[in-house]
Amino acid sequence: MVLARRTETATAVTLLLHVEGQPAATAGQRVEIRLTAEDGYTADREYSLARAGEPDRAEITVQAIDGGEVSPFLVDELEIGSELQVRGPIGGWFVWRPDQTEPVLLVAGGSGIVPLMAMVRARREAGSKAPFRLVYSVRSREEMFYRSELRMPDPGVDVTEVYTREAPEGSRRPAGRLTVADVNTGGWPPDFAPTAYICGPTGFVESAADMLLALGHDARRIRTERFGPTS
Ligand SMILES: Cc1cc2nc3c(=O)[nH]c(=O)nc-3n(C[C@H](O)[C@H](O)[C@H](O)COP(=O)(O)OP(=O)(O)OC[C@H]3O[C@@H](n4cnc5c(N)ncnc54)[C@H](O)[C@@H]3O)c2cc1C
């Protein structure tokens with residue numbers, strides 16, 4: 001059942017769901033949402049959890065995709081008290097656990113920030129000292145999720161914003177796709193042996209992973225999660 005809705009951007013909302021019996025999730029895990037029409041037709045989609053750790057709760061952030069079957073419904077139609085089917089948490093590879101102490105590099109493309117935000121939050125909740133860096137590629141400042149939270153002073157999490165369509169005044173670079181230089185300056189040198197988590201549209205994830213490999217990062221320390229087609 002939907003307990004709360006929060007607007008993230010003009011086209012994305014965060015939904016807090018009560019999911020009876022759901023175990024506490026690890027940061028990076030996801031859930032499966034099933035919508036069932038009156039005629040019995042069902043549509044299933046996966047959504048990453050934006051926050052880990054609380055049993056019976058699922059917090060997701062959904063970006064409405066134009067013409068999409070499920071996401072516009074979740075963003076525009078669901079109200080507090082609406083019921084939906086949720087299964088999870090799912091996933092054991094694209095996760096960060098508070099007992100990890102190595103440096104972490106998070107690379108997000110668009111809504112790919114969602115599971116990475118769960119990691120940032122889990123780190124803070126656990127009082128972890130693991131050094132985190134986040135490179136967040138987004139079309140414009142208006143499309144950033146969790147903007148005020150990411151700008152809170154939080155020593156240990158350095159955030160580099162990369163604007164692909166429209167850079168705000170005073171940005172350190174003009175608008176454009178993520179480059180090796182962005183990942184190099186916003187990330188860790190390979191010698192620090194960071195674990196990298198990359199999440200976003202398929203094309204974004206593949207090119208960011210190629211950049212890390214080109215910079216000399218160990219393929220075994222790069223974890224990826226693909227949300228769908230290149231946007
Ligand atoms: C592991 C995993 C985790 C995910 N987590 C999130 C999340 O936290 N937040 C979130 O908003 N989405 C997330 N997604 C994407 C989500 O599952 C759906 O694919 C998305 O909401 C679109 O569903 P739809 O039914 O609205 O669109 P569909 O009806 O499935 O597709 C409509 C059109 O949009 C295109 N399309 C589908 N998905 C995308 C996409 N991601 N980007 C651009 N174009 C697309 C399709 O090719 C098609 O042309 C995740 C996906 C995966 C696999």
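**Exercise 1.** Determine whether Arg121 is buried or exposed, and identify its salt-bridge partner in strand 5.

*Solution.* Arg121 has a relative accessible area of 2% and is therefore buried (buried means under 20% relative accessible area, exposed over 50%, partly exposed in between, with a 1.4 Å probe and protein chains only). Its side chain meets that of Glu59 in a salt bridge, at 3.7 Å from N to O (a side-chain nitrogen of Lys or Arg within 4 Å of a carboxyl oxygen of Asp or Glu). Glu59 belongs to strand 5 (residues 57–63) and Arg121 to helix 2 (residues 113–126), 62 residues apart; helices (H or I, at least four residues) and strands (E, at least two) are DSSP runs, numbered from the N terminus. Glu59 is also buried, at 9%. Both residues belong to a network of salt bridges that includes Arg6 and Glu149.

The model is predicted: local features need pLDDT of at least 70, side-chain atom pairs count only at pLDDT 80 or more, and totals for chains, interfaces and linings use all residues. Residues are numbered from 1 along each chain as its sequence is written, and side-chain values use heavy atoms, with hydrogens and water left out.

**Exercise 2.** State which parts the pair Arg34 and Asp44 ties together.

*Solution.* The closest N and O atoms of this salt bridge are 2.7 Å apart. Arg34 lies in strand 3 (residues 30–36) and Asp44 in strand 4 (residues 42–48), so the pair joins parts 10 residues apart in sequence. Arg34 is partly exposed at 33%, as is Asp44 at 28%.

**Exercise 3.** Give the number of salt bridges.

*Solution.* The count comes to 17 salt bridges.
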